[in-house]
Number of protein chains: 2
Amino acid sequence: MKHYTHPDLSDVTLNTAMQALADPARVAILQAVDRSESGEIACNEIPLELSKATVSHHFETLRAAGLIETRVVGTKCLSSLRRKEYEERFPGLLDLVLQA
Amino acid sequence: MKHYTHPDLSDVTLNTAMQALADPARVAILQAVDRSESGEIACNEIPLELSKATVSHHFETLRAAGLIETRVVGTKCLSSLRRKEYEERFPGLLDLVLQA
DNA sequence: CTCATAGTTTGATAGGAGTCGAACTTACGG
DNA sequence: CCGTAAGTTCGACTCCTATCAAACTATGAG
């Protein structure tokens, strides 16, 4: 379907991270992924009343900020948190937003 | 000159905090305050090439996000970090941006 | 009192970001 | 092979934000 690119976290600046986390919709997505059974979630499983286009855009932003990684499964694409790597890059930050 | 209002940190949302920290100029201001000798800094002592109006606006944003507090001394207004309170409200967050 | 200094306020402007509908692409299922 | 479902891309629109110049306010210095 598409090959997603995931940045090396050493290339992600604090500013990029902050901008990605400065939108309530994106934080809600991260929390939804966190609370999901499998740790993975598809775009259309997001508990937000937003259009497909908008959700897709938010996922792209989160991906570019190194917060999530996405793999293709059939017609779906499942996203999960890059929890461990992110903790090393920005200690405490991800937990802060997940527990908000 | 003016009476500055400082929010109760329990009223500051994570989103407000993130938005305030999502601008490089504001992070630079926080770092400048942090690195200052006295722990306080005036608007015109900021190492940024921005107009007075813009700097004033950034200080207001930081104040509204509970990151700094400002006191009036003569014609100057000196701002300092609300370090301890912020650490209680959003553990690790301020240190993260100061050390970036 | 007068002037210079520090910040704020007020428009005004330009750029960016979130949003959507619609068209497109890819994959699975019958 | 055709239809449906999941995401992406594109173009357009709106709103928010960073920015500045200029006018204003208030304080201290001479």
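Let us begin with the strands of chain B in this predicted model. Strand S1 of chain B, residues 41-42, pairs with strand S3 of chain B, residues 76-81, in the antiparallel sense over 2 bridges. You can find this pairing by looking for Ile41(B), which stands opposite Ser79(B) in S3(B). On S3(B) there is also an antiparallel pairing with strand S2 of chain B, residues 68-73, and this one runs over 6 bridges. Here Glu69(B) has Ser80(B) in S3(B) as its bridge partner. S2(B) and S3(B) form a hairpin, with 2 residues between them. In that turn sits Gly74(B), which has a positive phi of about 65°.

Put these pieces together and you have an open sheet of 3 strands in chain B, in the order S1-S3-S2, with antiparallel pairing. S1 and S2 of chain B stand at the edges with a single partner strand each, so one side of each is left without a neighbour in the sheet.

Next, turn to helix H2 of chain B, residues 24-35. How far apart are the end C-alpha atoms of this helix? They are 16 Å apart, and this agrees with the span of 16 Å expected for 12 residues at 1.5 Å a residue. The buried residues of H2(B) are Arg26(B), Ile29(B), Leu30(B) and Val33(B). Looking down the axis of H2(B), you would see these buried residues fall within an arc of 95°, so they line one face of the helix. A general rule is handy here: an α-helix has 3.6 residues a turn, so residues three or four places apart point the same way. What do the buried residues of H2(B) pack against? Their partners are helix H1 (14-21), S1, helix H3 (52-64), S2, S3 and helix H5 (93-98) of chain B.

Now move over to chain A, where 3 strands form an open sheet in the order S1-S3-S2, again with antiparallel pairing. Its edge strands are S1 (41-42) and S2 (68-73) of chain A, each of which pairs on one side only. S1(A) joins strand S3 of chain A, residues 76-81, through 2 bridges in the antiparallel sense. Ala42(A) is a good place to look, as it stands opposite Leu78(A) in S3(A).

Two loop residues of chain A deserve a visit. Glu40(A) is found in the loop between helix H2 (24-35) and S1 of chain A. Is Glu40(A) buried or partly exposed? With 19 other C-beta atoms within 10 Å, Glu40(A) is partly exposed, since a residue counts as buried at 20 or more. Leaving aside neighbours within four places in sequence, Glu40(A) is in contact with Leu78(A), Ser79(A) and Ser80(A). Glu40(A) and Thr70(A) are 30 residues apart along the chain, and their C-alpha atoms are separated by 8.8 Å.

The second loop residue, Ile46(A), lies in the loop between S1 and H3 of chain A. Ile46(A) is partly exposed, with 19 other C-beta atoms within 10 Å. Apart from neighbours within four places in sequence, Ile46(A) is in contact with Ile29(A), Ala32(A) and Val55(A). From Ile46(A) to Ala65(A), 19 residues away in sequence, the C-alpha to C-alpha distance is 19 Å.

Finally, see how the two chains meet. In helix H1 of chain A, residues 14-21, the buried residues are Ala17(A), Met18(A), Gln19(A), Ala20(A) and Leu21(A). What covers them includes H2, H3 (52-64) and H5 (93-98) of chain A, together with H1 of chain B. Between the chains, 14 residues of chain B are in contact with 14 residues of chain A. H1 and H5 of chain B are the elements that give two or more residues to the side of chain B that touches chain A. H1(B) gives the most to that side, with 5 residues. By class, this side of chain B has 11 nonpolar, 3 polar and no charged residues.

A last stop is the largest nonpolar core, which has 42 residues. Among these, Ala17(A), Leu62(A), Leu67(A), Ala17(B), Leu62(B) and Leu67(B) touch the most other members. In soluble globular proteins, nonpolar side chains tend to be buried together. Take Leu67(B) as an example: not counting residues up to four places away in sequence, it touches Ala20(B), Leu30(B), Leu62(B), Leu81(B), Arg82(B) and Tyr86(B).

Key: Residues are numbered from 1 along each chain as its sequence is written. Chains are lettered from A and ligands numbered from 1 in the order in which they are written. This is a predicted model: local features need pLDDT of at least 70, side-chain atom pairs count only at pLDDT 80 or more; totals for chains, interfaces and linings use all residues. Two strands pair if DSSP finds at least two bridges between them. Helices (H or I, at least four residues) and strands (E, at least two) are DSSP runs, numbered from the N terminus. The expected span of a helix is 1.5 Å times one less than its number of residues. A residue is buried if 20 or more other C-beta atoms lie within 10 Å of its own, exposed if 12 or fewer, and partly exposed in between; C-beta atoms are placed from the backbone. The arc is that of the directions from the helix axis to the C-beta atoms. Two residues are in contact if their C-beta atoms, placed from the backbone, lie within 7 Å. Ala, Val, Leu, Ile, Met, Phe, Trp, Tyr, Cys and Pro count as nonpolar, Asp, Glu, Lys and Arg as charged, and the others, Gly among them, as polar. A nonpolar core is a set of buried Ala, Val, Leu, Ile, Met, Phe, Trp, Tyr and Cys residues joined through C-beta atoms within 7 Å.
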